[in-house]
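Student: I would like a close look at a single part of this protein, followed outward into its surroundings. Please take it slowly and keep the reasoning connected.

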Amino acid sequence: MNLEAIFEFALKMEEDGRQFYLSGIPRVANPLSKEVLKRLADEELVHIERIQEGFERIRQRQQFVFESWGGIRKSTREYFENIFTEAQKRAEELIPPTSEELDILQAAMDLESKAHRFYVERKREVQEKGVQDFLDFLASEEYRHYNLLFNTYEYLRSPEEWHFGEEKPIFEGG
């Protein structure tokens with residue numbers, strides 16, 4: 001796949017992901033799910049903008065230079081905790097998810113997993129260091145999104161089990 005095809009496909013994939021998240025927001029009832037989908041849609045928009053910038057450079061045969069996006073990058077744990085804390089403020093609204101809501105989150109995880117795999121595979125195909133770094137960053141973003149969705153899914157599916165896993169209890173012998 002040449003660079004233009006990679007950028008075209010990446011742009012389409014990010015746009016489709018954003019549309020999926022936006023269309024999912026009205027279909028979920030839980031505020032945590034709504035907030036996660038909204039934030040992911042917002043991040044996909046940032047990805048779209050950066051891919052468009054890179055694509056334009058590639059089309060104009062300019063050197064591609066990747067600049068870190070430190071401002072949008074938070075650890076999965078920090079990101080989830082921020083969203084979770086906001087949702088907890090409306091704890092009375094944290095209603096059990098429907099099977100459709102869990103299906104939407106599962107489909108979102110599948111999208112992020114496919115996107116991650118695409119970026120990892122394309123990185124192996126290109127020679128330009130700047131493009132490799134850019135694809136590596138996008139792959140890590142998709143991995144972070146997957147983890148956020150996974151944590152959300154697990155929390156909504158079984159809050160008790162999720163808390164148990166997060167607390168990492170110490171069992172003492174007697």
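Student: In which helix does Phe118 lie?

Tutor: Phe118 lies in helix α4, and since this is a predicted model, everything that follows describes computed coordinates. The setting is an all-helical pattern, α-α-α-α-α-α when read along the sequence, with 6 helices and 0 strands in the protein. Of the 174 residues in the protein, 41% are buried. Phe118 is itself buried, because its relative accessible area is 6% and the cut-off for a buried residue is under 20%.

The surroundings of Phe118 can be described through its contacts. Once residues up to four places away in sequence are set aside, Phe118 touches Met1, Ile6, Phe9, Ala10 and Met13. For one of these partners, Met13, the separation from Phe118 is 105 residues in sequence, while the C-alpha to C-alpha distance is 9.7 Å. Contacts across long stretches of sequence are a feature of the protein as a whole: among its contacts with a separation of 6 or more, 81% join residues 24 or more positions apart.

From here it is useful to turn to the nonpolar cores. The largest nonpolar core has 20 residues, and the members that touch the most others are Phe7, Ile51, Tyr119 and Val131. At least two residues of this core come from each of α1, α2 (31-59), α4 (99-125) and α5, and α1 gives the most, with 6 residues. A second, separate core contains 17 residues, including Ala108, Met109, Leu149 and Tyr153. Returning to Ile51, and leaving aside its neighbours within four places in sequence, one finds this residue in contact with Phe7, Ala10, Leu11, Glu14, Tyr119, Phe134 and Leu138.

The packing of the helices can be followed next, beginning with helix α1 (residues 3-24) and helix α5 (residues 129-157), whose axes come within 13 Å and cross at roughly 20°. The two helices are therefore roughly parallel to each other, as the angle falls under the 35 degrees that sets this class, and their crossing is left-handed. On the α1 side the contact is made by Leu3, Ile6, Phe7, Glu14 and Tyr21, and on the α5 side by Val131, Phe134, Leu135, Glu142 and Leu149. By class, these residues divide into 8 nonpolar and 2 charged, with no polar residue.

Helix α5 also packs against α2, and here the axes come within 11 Å and cross at roughly 170°, which makes α2 roughly antiparallel to α5. The α2 residues in this contact include Leu32, Val36, Leu40, His47, Arg50, Ile51 and Ile58, and among those they meet on α5 are Val131, Phe134, Leu138, His145, Leu149 and Tyr155. This contact has 12 nonpolar, 4 polar and 6 charged residues.

A last residue to examine is Arg61, which is placed in the loop between α2 and α3 (76-88). Arg61 counts as exposed, because its relative accessibility is 66% and exposed means over 50%. Its phi is near 60°, a positive value in a residue other than glycine. Set beside Arg61, which is exposed, Phe118 is buried, and its contacts with residues such as Ile6 and Ala10 are where this close look began.

Conventions:
Residues numbered from 1 in each chain as written. Predicted model: local features only at pLDDT ≥ 70, side-chain atom pairs only at ≥ 80, totals over all residues. Heavy atoms only, no water. Axes fitted to C-alpha atoms, helices over the stretch in contact; angles between N-to-C directions. Helix = DSSP H or I, 4+ residues; strand = E, 2+ residues; numbered from the N terminus. Parallel < 35°, antiparallel > 145°, perpendicular 65-115°, else oblique. Left-handed = near helix turned anticlockwise from the far one by under 90°. Contact = heavy atoms within 4.5 Å. Nonpolar A, V, L, I, M, F, W, Y, C, P; charged D, E, K, R; others polar. Core = buried A, V, L, I, M, F, W, Y, C linked by side-chain atoms within 4.5 Å. Buried < 20%, exposed > 50% of the residue type's maximum accessible area, 1.4 Å probe, protein only.
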